[in-house]
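Q: Could you take me through this model feature by feature, giving the general idea behind each one before turning to the case at hand?

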Amino acid sequence: MTLGETRRYDGERASSKGERAVVLGASMAGLLAARVLDDAYERVTVVERDSLPTAPETRDGVPQGKHVHVLLEAGRSSISDLFPGYGEDLVDAGALIIDVGQELRHYDEGGYLAPPARRMEMYCASRPLLETVVRRHLAELDGVTIRDNTQFVAYRTDADADRIDGVRVRGDDGLETLEAAVVVDATGRASRTPAWLAENGYGEPPVEEVEIDMVYSTLRVNRPEGDRRMPFVPQSAPRTRGGAAFPVEGGEWVVTLGGMHETDPPATVEGFLPYARELPVEDIETILASHEVVSDGVERYPFPSNRRVRYESLDRFPGGLVVLGDAIASFNPIYGQGMSVAALEALALHETLASSGDGPLGKRFAERATDVVDIAWQMAVGSDAAFEATDGPTPPGASMFDTYLSRLVRQAHTDPRLSEAFYRVVGMEVAPTDLLRPGTVWRTVTP
Ligand SMILES: Cc1cc2nc3c(=O)[nH]c(=O)nc-3n(C[C@H](O)[C@H](O)[C@H](O)COP(=O)(O)OP(=O)(O)OC[C@H]3O[C@@H](n4cnc5c(N)ncnc54)[C@H](O)[C@@H]3O)c2cc1C
């Protein structure tokens with residue numbers, strides 16, 4: 001499900017479901033889920049292991065926050081629906097609004113994409129700032145409490161483990177039980193819920209994994225005021241090197257160089273320029289060569305695989321449990337989908353809360369969330385499958401679609417309408433099938 005297929009948020013539609021909801025994890029998925037739970041539960045308690053900084057700083061529980069984080073249009077629009085004024089507050093806090101046609105230098109398939117036919121904007125900020133502004137908005141809701149320095153330890157269940165009715169957490173005062181009508185697991189990719197389900201007789205949910213062996217290396221450089229260039233050179237089969245320089249608040253670029261399939265990006269500051277020189281265009285090299293490095297060394301992040309957990313296919317599912325965010329699916333980060341998928345999932349949770357149906361809330365949500373994950377999965381895994389070394393099941397028709405997409409991108413070097421169509425799909429505004437409209441196909445195949 002894309003932004004275009006998603007019903008707009010309307011808090012009035014959620015009916016009362018119970019006294020307290022507990023959300024595990026105060027990263028993007030947890031914070032956005034808490035927003036929609038606030039409409040249906042008297043209290044929402046968000047439990048976070050980390051100490052949450054008031055300023056936009058990276059933290060241990062979200063180590064990926066040091067790397068480039070693109071907020072796609074589906075995410076920007078959904079978050080702004082959930083928290084009116086989000087975009088304005090981001091800009092007040094220093095974020096930039098980029099004109100995609102002017103400032104993005106997107107190199108793919110041997111050329112730069114033409115500026116899209118209509119003006120398209122993108123908010124650029126560090127990941128900690130994107131998250132901090134969401135957290136500030138959430139904290140304004142009377143029914144929501146965010147408890148940091150509090151670690152989720154275990155689920156509490158009724159006698160038959162049919163229903164999760166609370167959690168055991170460890171905070172400053174030791175172990176404690178929080179009763180809950182629903183517990184939302186937003187603890188990310190390392191979620192322990194699959195193991196818990198297996199131990200408690202539900203069976204382990206099937207996992208799909210597509211190995212890509214991606215590594216990110218990131219540093220920050222000084223950015224002169226007014227220089228808003230945003231070069232983006234994604235990996236494109238068979239080229240396993242890629243990179244981006246992303247303008248963020250505080251007069252800096254976050255520069256990320258990435259390598260897939262045993263292509264190791266630099267581990268040292270000195271290694272950045274030589275690696276960037278190997279890219280097919282000079283944009284990132286030019287920025288690195290003429291601007292001072294302002295970060296302490298290089299941050300690295302290995303990302304082995306696209307991974308999704310098929311909760312929707314379990315025959316039995318406990319009451320009182322919902323799983324979302326990276327805990328159900330995480331994607332090759334170069335496509336910048338994770339936060340936007342989390343935002344669309346929050347809207348899917350809102351729809352699930354607003355509608356009635358048979359079976360546990362978490363199962364009904366998992367079925368609905370599949371539509372969101374499918375779109376992102378198809379795009380990420382479909383593109384990754386073009387690399388020979390990519391290992392894992394690929395969606396049917398991926399290879400044919402990728403061949404078509406490559407041609408479309410080449411035509412988009414000179415065709416603003418195709419460029420716009422491409423960005424709307426990449427931004428999860430519309431489904432990839434939108435690129436098969438007759439007018440788009442015509443522009444793509446006509447020499
Ligand atoms: C290198 C990299 C780059 C990325 N780039 C992008 C991008 O450009 N655009 C984009 O949209 N997405 C990107 N993503 C994905 C994005 O970061 C995630 O999809 C997004 O953060 C949503 O994840 P989440 O909230 O589900 O989980 P996470 O962000 O992993 O957060 C999990 C939270 O749970 C907490 N937690 C864990 N265990 C416990 C416990 N036992 N008790 C209490 N709290 C706990 C953690 O401290 C953390 O706060 C990137 C990811 C990576 C790895």
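A: We can begin with the record and then turn to the coordinates, keeping in mind that this is a predicted model. According to UniProt, in an unreviewed entry, the feature "domain: FAD-binding" is placed at residues 22–356. Over residues 22–356 the chain is 24% helix and 32% strand, and the C-alpha atoms at the two ends are 21 Å apart.

Q: How should I read the strand order of a sheet, and what is the order in the sheet of eight strands?

A: The order lists strands as they lie side by side in the sheet, whatever their place in the sequence. Here an open sheet of eight strands runs E5-E4-E13-E14-E15-E12-E16-E18, and its pairing is mixed. Strand E5 (111–112) and strand E18 (329–330) stand at the edges with a single partner strand each, so one side of each is left without a neighbour in the sheet.

Q: Within that sheet, in which sense do strand E12 and strand E16 pair, and over how many bridges?

A: Strand E12 (residues 207–222) pairs with strand E16 (residues 299–309) in the antiparallel sense, and ten bridges connect them. To find this pairing in the viewer, look for Met214, which stands opposite Phe303 in E16. Helix H10 packs on this sheet, where it touches E12, E16 and E18, and the direction of the helix makes about 120° with that of E16.

Q: What is the strand order in the sheet of three strands, and which pairing does it have?

A: Three strands form this open sheet, in the order E8-E9-E10, with antiparallel pairing. Strand E8 (151–157) and strand E10 (174–179) are the edge strands, each pairing on one side only, and neighbouring strands of the sheet are turned by 25° against each other on average, with direction ignored. Six bridges join E8 to strand E9 (residues 164–171), and the bridge partner of Gln151 in E9 is Arg170.

Q: How do I read a nonpolar core, and which residues have the most contacts inside the largest one?

A: In soluble globular proteins, nonpolar side chains tend to be buried together. The largest nonpolar core in this model has 123 residues, and Leu37 and Tyr86 are those with the most contacts inside it. Helix H10 (residues 361–384) gives the most to this core, contributing twelve residues, and the core draws at least three residues from each of domain 1 (3–89 + 128–208 + 305–384) and domain 2 (99–115 + 211–303). Apart from this core lies another, of 17 residues, including Ala245, Ile287, Leu288 and Val298. Leaving aside residues up to four places away in sequence, Tyr86 touches Met28, Leu71, Ile79, Ser80, Leu130, Val133, Val134 and His137.

Q: Which backbone angles deserve a second look?

A: Most residues other than glycine have a negative phi, and most peptide bonds are trans. In this model the peptide bond from Ala237 to Pro238 is cis, with omega near 5°, and Pro238 lies in the loop between strand E13 (230–233) and strand E14 (241–248). Glu109, which is not a glycine, has a positive phi near 55°, and His261, likewise not a glycine, has a positive phi of about 50°.

Q: Where are Glu109 and His261 found, and is each buried or exposed?

A: Glu109 is found in the loop between strand E4 (104–108) and E5, and with a relative accessible area of 25% this residue is partly exposed. His261 is found in the loop between strand E15 (252–259) and helix H7 (272–277); its relative accessibility is 15%, so His261 counts as buried, the cut-off for buried being under 20%.

Conventions
Residues are numbered from 1 along each chain as its sequence is written. This is a predicted model: local features need pLDDT of at least 70, side-chain atom pairs count only at pLDDT 80 or more; totals for chains, interfaces and linings use all residues. Side-chain values use heavy atoms; hydrogens and water are left out. Two strands pair if DSSP finds at least two bridges between them. Helices (H or I, at least four residues) and strands (E, at least two) are DSSP runs, numbered from the N terminus. Axes are lines fitted to C-alpha atoms, for helices over the stretch in contact, and angles run from 0 to 180 degrees between N-to-C directions. A nonpolar core is a set of buried Ala, Val, Leu, Ile, Met, Phe, Trp, Tyr and Cys residues joined through side-chain atoms within 4.5 Å. Buried means under 20% relative accessible area, exposed over 50%, partly exposed in between (1.4 Å probe, protein chains only). Domain bounds come from an automatic or database domain assignment. Contact means heavy atoms within 4.5 Å. UniProt positions are given in the numbering used here, feature names are shortened, and annotations may be inferred rather than shown by experiment.
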